[in-house]
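User: I've got a model to go through with you. Can we start with the annotations and then look at the rings?

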Amino acid sequence: MLRYTLTRGALLVAGLLVSSVIIFLTLRVLPGDVAQLIAGTQASAETVEALRQSLGLDRPLIVQYLEWISGVLRGDLGTSQLSGASVSAELLEKAQVTVPLGLMALTIALLIAVPFGIVSAMLRGRAGGTAMSVSAQAVAAVPVIWAGMMLVVVFAHWLGWLPAQGFPRTGWATPGKAFEALLLPALTIGLVEGAMLMRFVRSATLQAAGQDFVRTAAAKGLTRRRALVQHGIPAVGLSIVTVLGLQIAGIIVGSVVIEQLFTLPGIGRMLVADVGTRDLVKVQSELLVLTGFVLIIGFIVDLVHHAIDPRQREAA
């Protein structure tokens with residue numbers, strides 16, 4: 001297990017370094033000049049050039065990259081080129097919205113996918129199982145932004161149960177209002193991601209039902225359903241752990257869109273705004289943090305799967 005952990009850890013570090021290089025270079029080839037943006041359209045060429053020098057934009061790219069990545073390794077994500085504010089401090093502030101939103105969406109997705117996926121597999125060939133399967137496929141095909149607008153119409157405008165937009169200025173100092181503000185966005189992401197995961201859970205359950213150990217348990221006197229519940233469901237759990245990293249990545253991508261729709265002051269909304277203003281230091285640090293989060297989740301999922309799956313331990 002230690003050797004496997006070290007190997008996966010080395011791959012994680014390599015992935016982060018490669019991602020940082022790709023992010024840095026990609027942002028440098030985008031059109032626009034942050035110095036021109038800060039100075040204004042009426043600024044002279046000399047003023048813009050002086051600003052470029054003060055921001056360090058005239059230095060070689062390798063020097064700019066090494067300065068940035070060395071700061072990241074020290075825990076310093078840099079300062080905004082527009083406001084001069086600490087990127088780390090702003091990310092921590094925005095994470096108070098994005099992280100709870102992601103956790104709530106993941107919880108809703110699992111609460112939808114696991115029970116309904118298993119029941120749908122058990123009712124295969126019956127009207128109830130077919131209805132659940134068709135419903136999951138329909139919801140999974142819906143764009144997350146369209147699902148959000150429909151939920152706003154139903155729960156905010158028609159029923160008036162939940163706020164349509166915004167987040168309380170007091171933040172989590174008023175936890176009830178903060179939870180209400182995130183519930184509808186989390187439900188939007190959770191429904192779509194849960195429908196996608198439900199199809200996978202259904203498929204994994206059907207595959208487990210055909211395994212020899214389930215048939216053997218049924219031959220020894222257990223009903224087919226009880227044999228599946230007692231012996232097949234743990235195998236389904238392994239399959240869920242395998243795709244959990246991809247689901248979390250989907251939730252992060254969905255959060256960027258949903259924060260815009262619901263005007264939530266999270267990392268996704270800040271990222272979109274910073275891309276528009278060409279605040280390169282903030283954008284590259286925000287992208288690296290999001291990428292690193294996805295890679296770390298994948299790393300943890302790999303370790304958990306390796307620890308609980310006897311086949312992988314035997315192979316190692």
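Analyst: Sure. One point before the annotations: UniProt positions are given in the numbering used here, and annotations may be inferred rather than shown by experiment. Also, this is a predicted model.

User: Which residues does UniProt list for "transmembrane region"?

Analyst: The unreviewed UniProt entry lists residues 101-123, 135-161, 181-201, 233-258 and 287-304.

User: How much of residues 101-123 is helix, and how far apart are the end C-alpha atoms?

Analyst: Residues 101-123 are 96% helix and 0% strand. The end C-alpha atoms are 33 Å apart.

User: And what about residues 287-304?

Analyst: That span is 100% helix and 0% strand. Its end C-alpha atoms lie 26 Å apart.

User: Switching to Ser19. Where is it?

Analyst: Ser19 is in helix 1, which covers residues 2-28.

User: Buried or exposed?

Analyst: Ser19 is buried, because its relative accessibility is 15% and the cut-off for buried is under 20%.

User: What does Ser19 touch, leaving aside neighbours within four places in sequence?

Analyst: Thr291 and Leu295. Both positions fall in the 287-304 span that UniProt lists.

User: OK, rings. How many aromatic pairs are there in the whole structure?

Analyst: A full search gives five. One of them is Phe24 with Trp68: the centres are 6.2 Å apart and the planes are at 20°, so the pair is stacked.

User: Why does 20° make it stacked?

Analyst: Because planes under 30 degrees apart count as stacked.

User: Which parts of the chain does that pair tie together?

Analyst: Phe24 lies in helix 1 and Trp68 in helix 4, residues 61-73, so the pair ties together parts 44 residues apart in sequence.

User: How accessible are Phe24 and Trp68?

Analyst: Phe24 has 2% relative accessibility, so it counts as buried. Trp68 has 7%, so Trp68 counts as buried too.

User: What geometry do Tyr65 and Trp68 have?

Analyst: Their ring centres are 6.1 Å apart and the planes are at 65°, so this pair is edge-to-face. Tyr65 and Trp68 are three residues apart in helix 4, which means about one helical turn separates them. Tyr65 is buried, as is Trp68.

User: What do the ring pairs link into a cluster?

Analyst: Phe24, Tyr65 and Trp68.

User: Last one. What sits over the ring of Phe24?

Analyst: The charged end of Arg28, 3.9 Å from the ring centre.

Methods. Residues numbered from 1 in each chain as written. Predicted model: local features only at pLDDT ≥ 70, side-chain atom pairs only at ≥ 80, totals over all residues. Heavy atoms only, no water. Helix = DSSP H or I, 4+ residues; strand = E, 2+ residues; numbered from the N terminus. Buried < 20%, exposed > 50% of the residue type's maximum accessible area, 1.4 Å probe, protein only. Contact = heavy atoms within 4.5 Å. Phe/Tyr/Trp six-rings, centres within 6.5 Å; stacked < 30°, edge-to-face > 60°. Lys NZ or Arg CZ within 6 Å of the ring centre and 35° of its normal.
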